[in-house]
Amino acid sequence: MKMTVGQRWVLAVTSVAALMTVLDALVVTTALHAIQLDLRASIAELEWTINAYMLSFAVLLMAGAALGDRLGRRRVLAVGLGLFGLASAACALAPSLEWLIAARAVQGVGAAAVMPTATALLSAAFEPQQRSRALGLFAAITGLATAGGPLVGGAVVQGLAWQWIFWLNIPFAVVLIPLLCTRIGESHGPARALDYRGILLVSIGAFGLVWALLRGNESGWASAEVVVACAVAAAAIAGFVRWELHTDAPLIPMRFFASRAFAAGNGVGFLLSASIAGGAFFFAQFLQIVLRADPLGAGLRLAPWTVTLFVVAPIAGRQVNRFGERPLIVLGLAMQAAGYGWITLIAGPELSYPALIAPFVVSGVGISMTIPAAQSAVLRAVPMTAVGAASGTFNTLRQLGMAFGVALPAAVFAAVGGLESAEAFSAGFTAAMGTAALIALLGAGLGALVPAGTPAGVGEPSASSGAAVDLSGAKA
């Protein structure tokens with residue numbers, strides 16, 4: 001079945017909007033070394049330039065999804081794009097690391113409005129039999145951020161300055177907002193009240209966990225600061241689950257987790273994103289600090305890892321209906337773990353770059369196979385009326401996974417290595433990548449729990465029986 005003109009506009013605008021938010025998570029990676037030198041940042045402080053964005057992004061995603069369902073997904077997406085653009089300007093103008101971290105947190109708020117509404121608009125525009133292909137194309141277009149993020153970041157840092165990686169977002173927002181308002185019709189989900197207590201509890205839990213991981217090596221894992229942070233995080237997360245089970249308007253519909261496809265798919269998304277984030281954070285720094293590449297050279301050398309998503313994800317998306325999600329997830333994450341494990345075994349100060357190409361490709365192909373399959377498993381497990389909530393849940397856990405995937409390997413790095421020499425960095429890098437490989441391997445095991453075939457929904461009619469929405473104009 002061919003896409004209509006309206007569907008093409010939805011795919012194009014939502015994919016580029018999502019690309020912008022993903023690009024900003026990754027374009028920073030090749031700029032980290034320049035930011036460290038310019039603002040005299042430690043590894044822990046550099047982590048906050050990543051995690052301030054990831055945490056606000058993650059904990060507000062469900063709020064963004066709820067607002068989109070209630071106020072209109074197109075409207076909330078437009079507001080999110082505007083806020084993202086303004087926060088990007090604040091990042092570019094940052095005179096200090098503290099300012100940069102605060103502006104990155106505001107960027108995350110804008111991204112939290114963009115990503116779930118973009119995914120929900122896309123999902124609502126396509127019938128279930130078309131959706132896997134559309135999600136594969138969506139992943140491929142957003143994969144340009146993965147493919148081009150480190151390269152763009154390196155080129156900008158080397159040719160201009162690190163601040164310009166944030167100025168790049170402004171043209172995206174300026175072009176996308178008018179197109180969104182003129183080419184795409186409004187779409188609503190079931191009206192949901194905002195779960196303020198749920199947002200507060202999950203925010204405290206995520207922040208406490210990441211804070212403990214960031215501060216463990218410096219303050220001591222048995223220190224009062226770390227123990228209290230872990231205890232607060234555990235209490236907040238337990239309180240969040242309990243509250244979500246009893247509230248009438250949950251932030252995350254816990255009943256969906258009764259579906260094995262939904263629960264396992266979200267767990268896979270969390271662990272996959274954690275392993276990707278660990279690699280993205282450390283690879284560019286390894287190439288610059290140990291292999292002495294310049295920022296642009298580091299971005300180019302990451303291409304065997306990143307370009308695969310653009311090439312493989314559309315193919316994988318088309319294979320979901322044929323083989324089901326489980327084989328693609330298990331094989332993909334096993335390849336991701338194998339690629340990282342390979343790098344762990346060969347990394348060192350005397351390593352030559354060509355030795356990294358093959359494991360980069362293996363890991364990249366594995367990632368590309370897993371992303372559309374995990375997303376499909378989650379969205380197929382819920383009825384059409386709940387696709388906004390399901391999308392928000394999936395993206396929330398992915399973003400929390402990315403924060404976790406930076407914080408845990410970085411804690412391992414700090415315990416074993418350091419920034420003072422190539423030898424010290426290599427020691428820490430090897431330990432960090434071994435940790436990221438184990439995370440991916442755990443994801444492969446969890447992927448085996450995804451049911452074979454395609455689930456129909458959770459206690460309600462499947463998306464295939466829901467009314468189609470023509471987002472080029474009005475509801476059909």
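# Helices, burial and a surface patch

Author: In this predicted model, 60% of the 476 residues of the protein count as buried.

Reader: How many helices and how many strands make up the secondary structure of the protein?
Author: Before the secondary structure, it helps to note how the chain is connected in space: residues 24 or more positions apart account for 84% of the contacts in the protein with a separation of 6 or more. The elements that make up the secondary structure come to zero strands and 17 helices.

Reader: What share of the accessible surface belongs to carbon and sulfur atoms?
Author: The accessible surface of the protein comes to about 17,100 Å². Of that area, the share that belongs to carbon and sulfur atoms is 69%.

Reader: Is helix α11 largely enclosed by the rest of the structure or not, and how many of its residues are buried?
Author: Helix α11 covers residues 260-289, and its end C-alpha atoms are 43 Å apart, which agrees with the 44 Å that its 30 residues should span at 1.5 Å a residue. The helix is largely enclosed by the rest of the structure, because the number of its 30 residues that are buried is 27.

Reader: Is serine 275 buried or exposed, and which residues does it touch beyond four places away in sequence?
Author: Serine 275 is found in helix α11, and with a relative accessible area of 0% it is buried, since buried means under 20%. Not counting residues up to four places away in sequence, serine 275 touches Gln336, Tyr340, Ala436, Ile439 and Ala440.

Reader: Where is arginine 292 found, and what is its phi?
Author: Arginine 292 counts as exposed at 64% relative accessibility, because exposed means over 50%. This residue is found in the loop between α11 and α12 (295-301). Although arginine 292 is not a glycine, its phi is positive, at about 60°.

Reader: Which residues form the nonpolar patch on the surface, and which elements give two or more residues to it?
Author: The patch is formed by Leu200, Ile204, Val228 and Val232, which together have about 320 Å² of accessible area. The elements that give two or more residues to this nonpolar patch are α9 (196-219) and α10 (224-246).

Reader: Why does valine 232 count as partly exposed?
Author: Valine 232 lies in helix α10. The partly exposed class runs between the 20% limit for buried and the 50% limit for exposed, so valine 232 belongs to it with a relative accessibility of 38%.

Reader: Which residues of α10 are buried?
Author: Helix α10 has 23 residues and reaches 33 Å from its first C-alpha to its last, close to the 33 Å expected at 1.5 Å a residue. In general, an α-helix has 3.6 residues a turn, so residues three or four places apart point the same way. The buried residues of α10 are Val226, Ala229, Ala233, Ala236, Phe240 and Glu244.

Reader: How far apart in space are valine 241 and methionine 254, C-alpha to C-alpha?
Author: Valine 241 is found in helix α10 and is partly exposed, with a relative accessible area of 34%. In sequence, valine 241 and methionine 254 are 13 residues apart, while in space their C-alpha to C-alpha distance is 7.9 Å.

Reader: Are cysteine 91 and cysteine 230 buried or partly exposed, and how many disulfides does the structure hold?
Author: Cysteine 91 is buried, with a relative accessible area of 0%, whereas cysteine 230 is partly exposed, with a relative accessible area of 38%. A disulfide is a covalent bond between the sulfur atoms of two cysteines. The number of disulfides that the structure holds is zero.

How values were computed
Residues numbered from 1 in each chain as written. Predicted model: local features only at pLDDT ≥ 70, side-chain atom pairs only at ≥ 80, totals over all residues. Heavy atoms only, no water. Patch = residues over 30% accessible without salt bridge, like charges linked within 9 Å, V, L, I, M, F, W, Y side chains within 5 Å. Areas by Shrake-Rupley, 256 points an atom, 1.4 Å probe, with all protein chains shown as cover. Salt bridge = Lys/Arg side-chain N within 4 Å of Asp/Glu carboxyl O. Helix = DSSP H or I, 4+ residues; strand = E, 2+ residues; numbered from the N terminus. Buried < 20%, exposed > 50% of the residue type's maximum accessible area, 1.4 Å probe, protein only. Expected span 1.5 Å × (residues − 1). Contact = heavy atoms within 4.5 Å. Disulfide = S-S within 2.5 Å.
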